Amino acid sequence: MSATQQLKDEHQGILLMLRILDKIAARIDAKENVDPHHLERIVEFLQIFADRCHHGKEEDLLFPELEKGGVPREKGPIGVMLVEHSQGRALVKGMAEASGKYKKGDSTALFELAKRARDYIALLTQHINKENNVLFPMGERVLSAKKQEELVEAFEKLEREKIGEGTHERFHQLLHELQERYLV
Ligand SMILES: [Fe+2]
Ligand SMILES: [Fe+2]
């Protein structure tokens, strides 16, 4: 599988988590209780799977190769993607803080969490659409098959070093569990 295809598959996992998060935000609006443990695990998924691992692969490995192939960074698509990654990081940080407050008994923190969750869902959904439909097709034109292969190997190394063996599978298991709980 090519490196860009692997990132598109990860987008599917992230989009699934966003659908779960959207259901949770709706429950919060309806003043229903939400399991604080689920919120913690979702925040952890966004911090580790979506940001450290997926955005890490893009920022440290894919984007530099695209730049070498002539895709512009400053005032170009890569620059926009980087800004959106950091906006996402700030929203997830806010969600982590709200989730921590809720766990300690502050139920009003849930509304703060729902607001940031919705902003994050909107941000990441359009971000993923741009990568899937604009940036990655551009990348597929500039990257050779050999470069795609080298990137896949570098992705594996990054996963081992940044998130550790087996973590990816653990997050897929979490997605599956939460999907059964919230999306049926
Ligand atoms: Fe991205
Ligand atoms: Fe991405």
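The following paragraphs describe the nonpolar cores, the internal cavity and two loop residues of a predicted model.

The interior is a suitable place to begin. In soluble globular proteins, nonpolar side chains tend to be buried together. In this model, the largest nonpolar core comprises 40 residues, and the members that touch the most others are Met17, Ile20, Phe45, Leu46 and Tyr120. Several helices contribute to this core: H1, H2, H3, helix H4 (109–142) and helix H6 (167–182) each provide at least two residues. H4 supplies the largest share, with ten residues. A second core, separate from the one just described, has 16 residues, among them Leu62, Leu66, Met81 and Leu135.

Leu46 deserves individual attention, being one of the residues that touch the most other members of the largest core. When its neighbours within four places in sequence are set aside, Leu46 is in contact with Met17, Leu21, Asp51, Val92, Met95 and Tyr120. Two of these partners, Met17 and Tyr120, are themselves among the core residues that touch the most other members.

Leu46 also leads to the question of internal space. Rolling a probe the size of a water molecule over the atoms shows where empty space is left. Across the whole structure, a search finds one cavity of 30 Å³ or more. The largest cavity holds about 40 Å³ of space. Its lining consists of Leu46, Ala50, Asp51, His55, His85, Gly88, Arg89, Val92, Tyr120 and Leu124. H2, H3 and H4 are the elements that each give two or more residues to this lining. Sorted by class, the residues lining the largest cavity are five nonpolar, three polar and two charged. Asp51, Val92 and Tyr120 thus appear both in the lining of the cavity and among the contacts of Leu46.

Two lysines in the loops between helices complete the picture. Lys31 is found in the loop that joins helix H1 (3–29) to helix H2 (36–68). The phi angle of Lys31 is near 60°, a positive value in a residue other than glycine. Lys31 counts as exposed because its relative accessibility is 67%, where the cut-off for exposure is over 50%. Lys75 occupies the loop between H2 and helix H3 (77–103). For Lys75, phi is near 55°, again positive in a residue other than glycine. With a relative accessible area of 91%, Lys75 is likewise exposed.

How values were computed
Residues numbered from 1 in each chain as written. Chains lettered and ligands numbered in written order. Predicted model: local features only at pLDDT ≥ 70, side-chain atom pairs only at ≥ 80, totals over all residues. Heavy atoms only, no water. Helix = DSSP H or I, 4+ residues; strand = E, 2+ residues; numbered from the N terminus. Buried < 20%, exposed > 50% of the residue type's maximum accessible area, 1.4 Å probe, protein only. Core = buried A, V, L, I, M, F, W, Y, C linked by side-chain atoms within 4.5 Å. Contact = heavy atoms within 4.5 Å. 1 Å grid on protein atoms, 1.4 Å probe; cavity = no way out; pocket = protein on both sides within 12 Å on 5 of 7 lines; lining within 4 Å. Points joined across faces, edges and corners; volume = space filled by probe spheres on them. Nonpolar A, V, L, I, M, F, W, Y, C, P; charged D, E, K, R; others polar.
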